[in-house]
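Thanks for coming. Please have the sequence and the 3D view open while I talk.

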Amino acid sequence: MQTPASPTPKKTDRADAGLYVHIPFCRTKCVYCDFNCYAGENHLIPQYVAALCRELEMYGQRSWRATTLYLGGGTPSLLSAGQVAAIVDTARTALDFNPGEVTLEANPGSVNEDYFRELLDVGVNRVSVGIQSFRDADLKRLARHHSVADAVDAFASARAAGVPDISLDLIYGLPEQSLAAWRDNLVQAMALAPEHVSLYGLVVEEGTPLARQVARGKVSPPDDDLMADMYELAHEVFSASGLVRYEVSNWALTGHEARHNLVYWNNEPYIGAGAGAHGYLGGCRYSNELLPARYIRRVEQSELSVVEREPISHNLERAETVILGLRLDAGVSAAAFHARYGEDLVDCYGAVISEAELFGLLEWRDKRLYLTERGRLLSNEVFQRLLPE
Amino acid sequence: MLQDHIRNFSIIAHIDHGKSTLADRLLQMTGTVSDRDMKEQLLDSMDLEREKGITIKARAVRMQYTASDGETYELNLIDTPGHVDFSYEVSRSLAACEGAVLVVDATQGIQAQTLANVYLALGSDLEIIPVVNKIDLPSADVAAVAGEIERVVGLPADDIIPASAKTGTGAKDVLEAIVRRIPPPSGQQDAPLRALIFDSHYDPYKGVIAYVRVVDGQVRRGDRLRMLSNDKLTEAAELGYFVPSLRSAEYLGTGEVGYIATGLKVVVDCRVGDTITLERAGSAEQLQGYQPVKPMVFAGIFPVNGEDYPLLRDALEKLTLNDASLTYEPETSGALGFGFRAGFLGLLHMEIVQERLEREYDLDLLTTAPSVEYQVETTDGKTTPVHNPTEMPAPQRTRRVLEPWMQISIVAPSNHIGTVMELVSKRRGEFSKMEYLDENRVLLTYEIPLSEIVSDFYDQLKSRTQGYASLDYSFGEYRSADLVKLDVLVNAQPVDALSLIVHRDQAYNRGKMLVERLCELIPRQMFEIPVQAAIGQKVISRETIRAMRKNVISKCYGGDITRKRKLLEKQRAGKARMKTVGNVQIPQEAFMAVLRLDGEEAARR
């Protein structure tokens, strides 16, 4: 079993992997957020970017090739275009990254048209705007520090600068959010004509301020039925605007699907660089040191900052391939599964599949296995059963 | 020790009134336990006892005390269980004494159970030494409590000793009063041996150890013994007294308290209240008051994981080695699989057994709602005891159903009389009498079906009186009642473990509440689930659990994969803990839902 500390491919030539770079800095911490991000440490950014470049070089020495680059956060748009350039350039030189998809998550309020122009110049070609909601009351409740006007502004700036691919992030199931308010949100989102939309159903994650508010009864937790209605409504509205669902929570104009995210859903390897980033290399899932300062220290000592690694067994990998694959509207092809594992999909999961078919959660079409419309909303029921004991 | 220098006594007190603390002080003052070995609640050795602050098993300790008259006395303290479930054990412990120290909290006054135990002590002709404890507390009202003791128990206020077990104030006076006021034991030294068993426990090396008070004669190590109730023969392999651990000795003389290691294998052969005599030339006369204890409350105990059944059986076997009042027999439930129907003295006993099984034997258990023993007269003229609603004969075969009624007494602040009355009448209780203990507190006496108090009656009583009421109960009689069996159907499948027996007048209400409660407790599943309550074929209530629509991880990117997998595993583990009935997964709490029905109703009001 290879470990990510020495994830050298067997052959001398390079092996493909997606590249995720985590920028753990934020101006403020959002109420629902359980990501690895820190407010008030922005002074560390220059050192942090230098450490990131150093880390990419280390992965390069281990003969990986980056196929996609995704800068997520936190708030990557806190980085200057020059800092983004340093990361993209290092990926090119160290990881043989051929100009492919380069996504940067931008938070409204921290960006303008000039910034987007500079980003385009340094190779960013896709921007994901964390709008979350088109209602100021929602944003306030989530302790996002941008307004709806900021968000619309950010989108318009990216568009004016000529960013070819813009994705919107929307959250549904917010406290007090009605179906009508959600519809209004969707309509406003579609008015911006994004190439891509990601939906995020609010989850009250343990340890977040939101969880405490719910526990104290100050906020009622999202209602499952309402959230199901919201999801269905979103699909209806997006489809009417020509967006095609290609994954359970992602819609895109044909040809504008997020290639980086497809790496995850196809259960392919990806490098996780930066504090708290997760990666999957050499059959092993791993995660990095969480705290930016410690991360910097470790990388400066020329070591990968991996703190946790979990080798994925054959059975688990197989199950994850099916689980992640079912999230895609393309479903899981029995032939592709056989090609990948030398085993028959039905031999492996026949009982689970028939049971789920009985409940109307899964269906076969042309030797591909798909979640049904109902199954999309109840996918956990299928996935639980697919996981090995 | 000369017989006239022996004093045997117990301490009667309500929970938290300071019994264990006073015992600790007496042990310290007599030098029985060195300060170094002193720990709180010394006599309560079970974890559960320390946690709950109650005594479950009786215990004894011998102290040497040199009184102000210059003489040295042997004081035997018999520590009794403090709960009404164990009132028979209490009565036997009291029967082993000539006196009792009555401890009453100076801030709270006499409580229902204390009163019941005082009456037991008075009935056994014990000399009672009243002590008003906690006089160091600012809210102590010594005069008022002393007045109450005088009025209610009839003990002169002049005899009352003010004390603070915590600080030690008055402890010396208590010791002196024990010597002066409690008479020495009066047994016949030259009569054949008669020793009263007031408790026993099982020791894996020595077999059953009987805790005894030698009433007549004496017993020596090696004596051949006979149990009078069952003629079991055995030998006093070892005997001795308590310090409070076991200290072996050559013999126990008339009036002394100690233990006998009998070598018997189960405590059932050595029951509390039985008399031990010598095998040859023994006494034929049983000491008064022996009765085999009968369980009052029954419940199904099932392992959450079916494969733990053998472990549960072993655990119950081991517990009964030590607990003669626990009974069990195998039970098979369509819903819960293989388990046992166990009989308990009362609710606390049930709770203790359940906790001990889970803690000491590391079992994950599902206990059904408790039931009582009904006597069912069938049309063929037979009368059968029924411990389990599922065993109830069909209505057409039933001539008459009898249920146990209890006499209960409640001591409560007088401003809560109305709400207590309301609770009792809602539970089919019948008022007997009301006495004012003082201007603020009343003693209410009722008759009430046991089935009405085995659910959450005590909790309700407590919450309605802001925790001030205390409760005591004892068995009254069997009475005929119009009872019906209420069945619950989940997804059209009868769930036997949810059946209950209710009075016909309450059937509709109970059925409706139970169905509503179950709909809250059973999580939505992939299909719609009707939940119904029925009497025979007739459905009296119905609700539907709508099908689950959403169980989805909305986003799943690189960093989420492992975390989401753990979430899926957690969801799956949660399901594994549920019981699958038909194809519906029912969580454990649902099987106890019936217990909380009235609580729910109260919460909604």
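I will go through the interface, then the cavities, then a few backbone points. Keep in mind throughout that this is a predicted model.

Let me start with where the two chains meet. On the chain B side, 28 residues are in contact with 45 residues of chain A. As for how much surface is involved, the size of an interface is often given as the accessible area lost when the parts come together. Here chain B and chain A bury about 3,400 Å² between them, and 48% of that area is on carbon and sulfur atoms. Within chain B, the residues that lose the most area to chain A are M526(B), R549(B) and K550(B). Together those three account for 23% of what the chain B side buries.

Next, charges at the interface. Side chains of opposite charge can pair when their charged atoms come close. How many salt bridges does the rule find across the interface of chain B and chain A? It finds eight. R549(B), which I just named among the residues losing the most area, takes part in a salt bridge with E232(A), at 3.1 Å from N to O. D225(A) and R546(B) form a salt bridge too, with N to O at 2.7 Å. On the chain A side of that pair, D225(A) sits in helix α8, residues 224-240. Its partner R546(B) is in the loop of chain B between β32 (538-545) and α13 (561-576). For the structure over all chains, the salt bridge count is 63.

There are also polar contacts. Between chain B and chain A, 21 residue pairs are counted, with both residues at pLDDT 80 or more. The side of chain B that touches chain A is made up of twelve charged, ten nonpolar and six polar residues.

Now the cavities. The structure holds eight of 30 Å³ or more, and the largest has a volume of about 430 Å³. Which residues lie nearest the centre of that largest cavity? They are A369(B), P370(B), L500(B), I501(B) and V594(B), out of 35 that line it. Several elements of chain B give two or more residues to this lining, including β18 (327-333), α12 (504-521) and α14 (597-604). The largest share comes from β30(B), with four residues. By class, the lining of the largest cavity has 17 nonpolar, ten polar and eight charged residues.

Last, the backbone. Most residues other than glycine have a negative phi, and most peptide bonds are trans. Where are the cis bonds I want to show? One joins G73(A) and G74(A), with omega about 20 degrees. G74(A) belongs to the loop between β4 (64-73) and α2 (81-95) of chain A. Another cis bond joins V243(B) and P244(B), and its omega is about 0 degrees. P244(B) is in the loop of chain B between β12 (238-242) and β13 (246-249). Then there is D366(A), a residue other than glycine with a positive phi, near 50 degrees. You will find D366(A) in the loop between β16 (362-365) and β17 (368-371) of chain A.

That is the end of the tour.

Key:
Residues are numbered from 1 along each chain as its sequence is written. Chains are lettered from A and ligands numbered from 1 in the order in which they are written. This is a predicted model: local features need pLDDT of at least 70, side-chain atom pairs count only at pLDDT 80 or more; totals for chains, interfaces and linings use all residues. Side-chain values use heavy atoms; hydrogens and water are left out. Contact means heavy atoms within 4.5 Å. Buried area is the accessible area (1.4 Å probe) that two parts lose on being put together, summed over both. A salt bridge is a side-chain nitrogen of Lys or Arg within 4 Å of a carboxyl oxygen of Asp or Glu. A polar contact is a pair of N or O atoms within 3.5 Å; within protein, one must be able to donate a hydrogen and the other to accept it, and residues adjacent in sequence count only if both atoms are side-chain atoms. Ala, Val, Leu, Ile, Met, Phe, Trp, Tyr, Cys and Pro count as nonpolar, Asp, Glu, Lys and Arg as charged, and the others, Gly among them, as polar. On a 1 Å grid over the protein atoms alone, a cavity is a set of points where a 1.4 Å probe fits but cannot get out, and a pocket is an open set with protein on both sides within 12 Å along at least five of seven lines; lining residues have an atom within 4 Å of a point. Grid points are joined across faces, edges and corners, and a volume is the space filled by probe spheres set on the points.
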